[in-house]
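Thanks for making time this morning. I would like to walk you through one structure, so please have a look at it on the screen before I begin.

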Amino acid sequence: MMSKYQHLYVVIEHEDGMPVPVSLEMLGEARRLMDGFNKKYSSDEKVVAVVLGHNARKLCEELIFYGADAVIYADNPELRYRRNLIDTKVISQIARSREVAAKFSDTSEFVKPRYMFFGADSIGRHLSSTVLAELESGLASDINKLVIEDLEIKHEHKTKGQAMKYEKTLEMYRPDFSGFLWTTILCLDNRNPAIEREYHPQACSIIPGVFAPIEPDTSRRGAIVDYVPEFDERDLKVRILDRKIVKSAVDFDSHKAVVSFGKGIKDSPEQNIKQVAELAKEIEAEVGISLPISKKPFPVSEGINSTYMIPDRVIGTSGRKVAPLLYIAVGISGAMQHIAGMKESGFIVAINPDENSPIKDECDIFIRGRMEDVIPLLLEQLRKQRPTIEVKK
Amino acid sequence: MTSTTTKDLNVAVIVKLEPDFSEGNVSYNADGTLNRAETKSILGPHSAIASNAAFYAKVKYGARVAVGTMGPPIAESALQQAQLLCDADELHLYSDRLFAGADTLATAEVLKAGVSKVEGDGKVDIVFSGHRASDGETGQTGPQTAWKLGYTFLGHVIDYNVDLQSRFVRAKRLISLQGFYDILEEVEAPLPVFISIDPSYKAFFNTVSQRLAFEKYQKEARSRAENYKQFLKVLNTQQLGIDPKLVGLPGSPTIVYKVERIPKAKASRKSEVIDGANRDQLTRVAANMYEVLGGMVIK
């Protein structure tokens, strides 16, 4: 039996046809989930990539190699750069189009997608919000684990306290700001007769850098469905006057090393941050921080505050992902979100007084001790062994 | 007393009372999770930035400013703190037991109704919101409120200016494409707009008259905030004219199914433990570091 809700739609982000990494990561996870889904429910629901852009057909082909069964492609010069208003209109049209879904599946009953993924970044966070406000369904943000299950739910409002089975429910796991708690969010129809209502798609935004893309397979084939978007003047009222690439003042990419600090600076924050900065300077490293530091939990001088305790320096799922040759984590316990942002580093050294910190399992060398004591000694050794650069004649 | 004179520009700010993450106020449980009972609440830092952006509209364009929040009665303290920042002419607390447990969509429904209750029949030209709350951190409520209002949404705004004649806003947006680069975009849109303010927003005043207005309104803000209750309206479901089915838990598509401790991940590296007081061992660590950095040690 066909369902009103079918398929997993993945909203792709790209710059002139170059996919932003989270797009391929979402496709990878979508592929794995839907392979499991189709096997478990003996069905044939698709992973569908949704692309808005101009002259990006080559990207559509690539997306098939990366796991999409079909690509819905809206090509128009007005869609070259992301604008929330027009993008929301077009994506919502696509999500509601039975005609489009008919190009790759049997859709006699199709109303909307069953599931929908967006990237949890500058663009996707807002786009997912407005699309789901338009589609009037539920959205969970910053997800890093997904499971599809049949669940028995007993909920005061959703089921009026009765136990009811919700099939094919997407469990969306979201780490909280501390990095220690996982909240599972579900998007469920209201089956309570007093407030009866269907909520589809079940949608979420996905943290960049969490899921792995699949190995691209150039023998994979799938339909590329052209969609001609409908819009008028009012949908184009935001005009982009200028657009330029900027380099952040904080530059992790061109440094071979990164030294990061976390809440472990607490005993004498000002002094400790200066020490960390000195260590970074010695090995020509950029300075990073853990997320809690960007919330400015400790009083420090204005100069230190505005230089170091800023969101631009955050490493982890709420900030940048880095992979330097050398990563030094100072006074960082190792919450999952931080680890996700630095685990690809070549060599990891942690300085921490507590051997039970999770960071111990994520580093190559764990220096046990308080940073106040360790950094001066380490600096002394680094200075003694400071390499001289050989100039070739 | 609230003023009802029509202004050239009407703005509203949506704020939130949040846990105070600063030292001495925040309290963590032994397992590293937030101890909510022991943690004080304040106007959220992103809400404060949005309030500053609204104050800029007052100083520069003489805008009339309304501030709204959804929450229990205690949330009025967030309104008072915001008023101190933006010299609000009107404060709204959307408070009803029916609102409890709302997800972002159900919260947006309340905030949409709230903006339409701003004096002057809700003819608000610009709504400001913070980038995200520091406790919930979804960043969804702002854009969802914008969409429900039918306002053009502009996210990540670091600077904005209004042309009162043409009724257009020009804004600079900072967009981070993870894995690529950042983009600075300048956009133009007709009013009304909904602006979500980026954390890096900073207001600049560059004329003497603006400087004087700044001081005047700041002084006014202090005296108003002392008597904030005179500016405060508390509105419930009925007064907002909302369908109770669309708010709180009944109006939320999503539920929190479970909360668990994130299990300790499998060790991804096997670390060697070094005694941080042992110079010899640290000598070796320093050598290791230079080795991975590819520095040449010439002895």
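In what sense do strand E18 of chain A and E13(B) pair, and over how many bridges? Before I answer, please keep in mind that this is a predicted model. The answer is that E18, which covers residues 365–368 of chain A, pairs with E13(B) in the parallel sense, over four bridges. To place one of these pairings on the screen, look for Ile365(A), whose bridge partner in E13(B) is Glu272(B).

That pairing belongs to a wider arrangement, an open sheet of six strands whose order runs E15(A)-E14(A)-E16(A)-E17(A)-E18(A)-E13(B), with parallel pairing. At the edges stand strand E15 (285–289) of chain A and strand E13 (272–275) of chain B, and because each has a single partner strand, one side of each is left without a neighbour in the sheet. If we ignore direction, neighbouring strands of this sheet are turned by 20 degrees against each other on average.

A second pairing joins the two chains, and here the sense is antiparallel: strand E10 of chain A, residues 181–187, pairs with strand E12 of chain B, residues 254–261, over seven bridges. Within this pairing, Thr183(A) has Val259(B) as its bridge partner in E12(B).

Turning to the contact between the chains as a whole, chain A contributes 92 residues and chain B contributes 83 residues. On the side of chain A that touches chain B, 49 of the residues are nonpolar, 19 are polar and 24 are charged.

Let me now say something about chain A by itself, which has ten helices and 18 strands. Its C-alpha atoms fill a box of roughly 75 × 60 × 40 Å, taken along the principal axes, and 53% of its 393 residues are buried. If we take the contacts in chain A with a separation of 6 or more, residues 24 or more positions apart account for 67% of them.

Some loops deserve a careful look at the backbone. In the loop between E10 and strand E11 (202–206) of chain A we find Pro201(A), and the peptide bond that joins His200(A) to Pro201(A) is cis, with omega about 0 degrees. Chain B also has a cis peptide bond, joining Leu191(B) and Pro192(B), again with omega about 0 degrees, and Pro192(B) is found in the loop between strand E9 (182–190) and strand E10 (193–197) of chain B.

Positive phi values in residues other than glycine are also worth pointing out. Ser42(A), in the loop between helix H1 (21–40) and strand E4 (47–53) of chain A, has phi near 45 degrees, and Ser42(A) counts as exposed because 6 other C-beta atoms lie within 10 Å. Lys160(A), in the loop between strand E8 (145–154) and strand E9 (163–175) of chain A, has phi near 55 degrees, and with 15 C-beta neighbours inside 10 Å Lys160(A) counts as partly exposed.

I will finish with a helix pair in chain B, where helix H1 (residues 45–61) and helix H2 (residues 76–86) pack at an angle of about 40 degrees, with their axes 8 Å apart. That angle makes H1(B) oblique to H2(B), and their crossing is right-handed. Among the residues that make the contact are Phe55(B) and Lys58(B) of H1(B), together with Leu85(B) and Cys86(B) of H2(B). By class, this contact has seven nonpolar, three polar and one charged residues.

Technical notes
Residues numbered from 1 in each chain as written. Chains lettered and ligands numbered in written order. Predicted model: local features only at pLDDT ≥ 70, side-chain atom pairs only at ≥ 80, totals over all residues. Contact = placed C-beta atoms within 7 Å. Nonpolar A, V, L, I, M, F, W, Y, C, P; charged D, E, K, R; others polar. Pairing = 2+ DSSP bridges. Buried ≥ 20, exposed ≤ 12 C-beta atoms within 10 Å, placed from the backbone. Axes fitted to C-alpha atoms, helices over the stretch in contact; angles between N-to-C directions. Parallel < 35°, antiparallel > 145°, perpendicular 65-115°, else oblique. Left-handed = near helix turned anticlockwise from the far one by under 90°.
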